[in-house]
Each structure stands twice: as C-alpha cells, then as structure tokens.
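Trainee: I am new to this structure. Please guide me through it and explain the terms as they arise.

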Amino acid sequence: MFTVIIDSREQHPYEFEKSVTKKLETGDYSLQGFETEVCVERKTKSDAYGTIGRGRSRFIKELERMTELKYSAIVIESSLSSFLEPPNFSQLNPNSAIMSLITWSIRYNVHIFFADSRTMGNWLTLRILEKFVANY
C-alpha cells in the first residue's frame, strides 16, 4: 500500500485511506518516496479559469516544474461540457481556456483530465497515483 502526500497549501484536500500532509514543490498530490517523480494538480472549474486568466504566469512556472517529473496530471473538477460554460466572474472565452489547456498538455507533457465532480476528482486522483506506482 502506498501513502499519498497532500500539499500543505491545499485548502480543501481530497481524502485518502493512507495520507500525510507536507509541502510539495509541485502539484497538490504525490506519493511518498516519489515526490520528485509524480504529481497531480487539482483544480475546480473556477480555479482553472482563474489560473488560465489572471494566474497564468504563476501557473506556467508550475507547469515548467511539472516537466521535470516522470508523470504529471491536472484534474479539473468539471465535465468538459460544463467547463465550456465559464464561471460568472470570468471574462475569459471558454474556447481560449480549452485551447490553453490543450497547448499546455502538449508543450509541458501534462495530462489533463476532466472529472464530473469533486468525488470523481478524488477517485481519479487516487487511480492516477495507483497506476503510476503499479507501472513504475
């Protein structure tokens, strides 16, 4: 059994059977002993829009750090069709938001997953980390 590392800055962390909280250099979730090899970044739809828009330069630095890992992923707590309906606060065109995600996935070799809900995001994050360990 593996232990999930939860970044200490994560404000509303997922729950796992076996986990510890500590500062991660990259991402919100990793695995104990593999912190420099795998990460998952969690985003709500609102957070993703904010990151793609106002927080873009900071997030690009995060993506650059992700390229140093063997595997990195972003889990967005939204379906793709729901993501195309921007949050009320956002002036960002949803097509621009999707194009940024596609560009980043190619440029930074980061895998992007849409999870219909927080529950599915938690489940998907665990499965990603589980499969990383199984295929390591």
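Mentor: Let us begin with one pair: glutamate 10 is buried, and arginine 42 is buried as well. A residue is called buried under 20% relative accessible area, exposed over 50%, and partly exposed in between, with a 1.4 Å probe and protein chains only. The model is predicted, so local features need pLDDT of at least 70 and side-chain atom pairs pLDDT 80 or more, while totals for chains, interfaces and linings use all residues. Residues are numbered from 1 along each chain as its sequence is written, and side-chain values use heavy atoms, leaving out hydrogens and water.

Trainee: What makes the meeting of glutamate 10 and arginine 42 a salt bridge?

Mentor: A salt bridge requires a side-chain nitrogen of Lys or Arg within 4 Å of a carboxyl oxygen of Asp or Glu. The side chains of glutamate 10 and arginine 42 come to 2.8 Å, N to O, so the pair satisfies the rule. The two residues belong to distant parts of the chain, 32 residues apart: glutamate 10 is in the loop between strand E1 (4–7) and E2, and arginine 42 is in strand E4. By this rule there are 11 salt bridges.

Trainee: How is strand E4 placed, and how many of its residues are buried?

Mentor: E4 covers residues 38–44, and 6 of its 7 residues are buried, which leaves the strand mostly covered. Strands are DSSP runs of E with at least two residues, helices are runs of H or I with at least four, and both are numbered from the N terminus. Glutamate 41 and lysine 43 are both buried, and their closest N and O atoms, 3.3 Å apart, form a salt bridge.

Trainee: How do you know that E4 pairs with strand E5?

Mentor: Two strands pair if DSSP finds at least two bridges between them. E4 and E5 (residues 71–77) are joined by 7 bridges, so they meet the rule, and they run parallel. Within this pairing, valine 40 stands opposite alanine 73 in E5.

Trainee: Why is threonine 26 called buried?

Mentor: Its relative accessible area is 8%, so threonine 26 falls under the buried limit. Threonine 26 is in the loop between strand E2 (19–22) and strand E3 (29–31). Contact means heavy atoms within 4.5 Å; leaving aside residues up to four places away in sequence, threonine 26 touches Cys39, Glu62, Arg65, Met66 and Leu69.

Trainee: What joins the side chains of threonine 26 and arginine 65?

Mentor: A polar contact of 3.5 Å joins them. The term denotes a pair of N or O atoms within 3.5 Å; within protein, one must be able to donate a hydrogen and the other to accept it, and residues adjacent in sequence count only if both atoms are side-chain atoms. Arginine 65 also meets glutamate 62 in a salt bridge of 2.5 Å, N to O.

Trainee: Why are arginine 65 and glutamate 62 separated by about one helical turn?

Mentor: They are 3 residues apart in helix H2 (residues 56–66), which accounts for the spacing. Arginine 65, at 31% relative accessible area, is partly exposed, whereas glutamate 62, at 6%, is buried. Elsewhere, salt bridges that share partners join Glu10, Arg42, Glu77 and Arg118 into one network.

Trainee: Why is helix H1 described as largely enclosed by the rest of the structure?

Mentor: In H1 (residues 45–52), 6 of the 8 residues are buried, so the description applies. The buried residues are Lys45, Ala48, Tyr49, Gly50, Thr51 and Ile52. They pack against E4, H2, E5, helix H3 (80–83) and H4.

Trainee: Why is threonine 3 counted as buried, and where does it lie?

Mentor: Threonine 3 has 9% relative accessibility, so it counts as buried. Threonine 3 lies in the segment before E1. Apart from residues up to four places away in sequence, its contacts are Lys18, Ser19, Val20, Ser30, Leu31 and Gln32.

Trainee: Why is valine 20 called partly exposed?

Mentor: Valine 20 has a relative accessible area of 32%, so it falls in the range between buried and exposed. Valine 20 is in strand E2.
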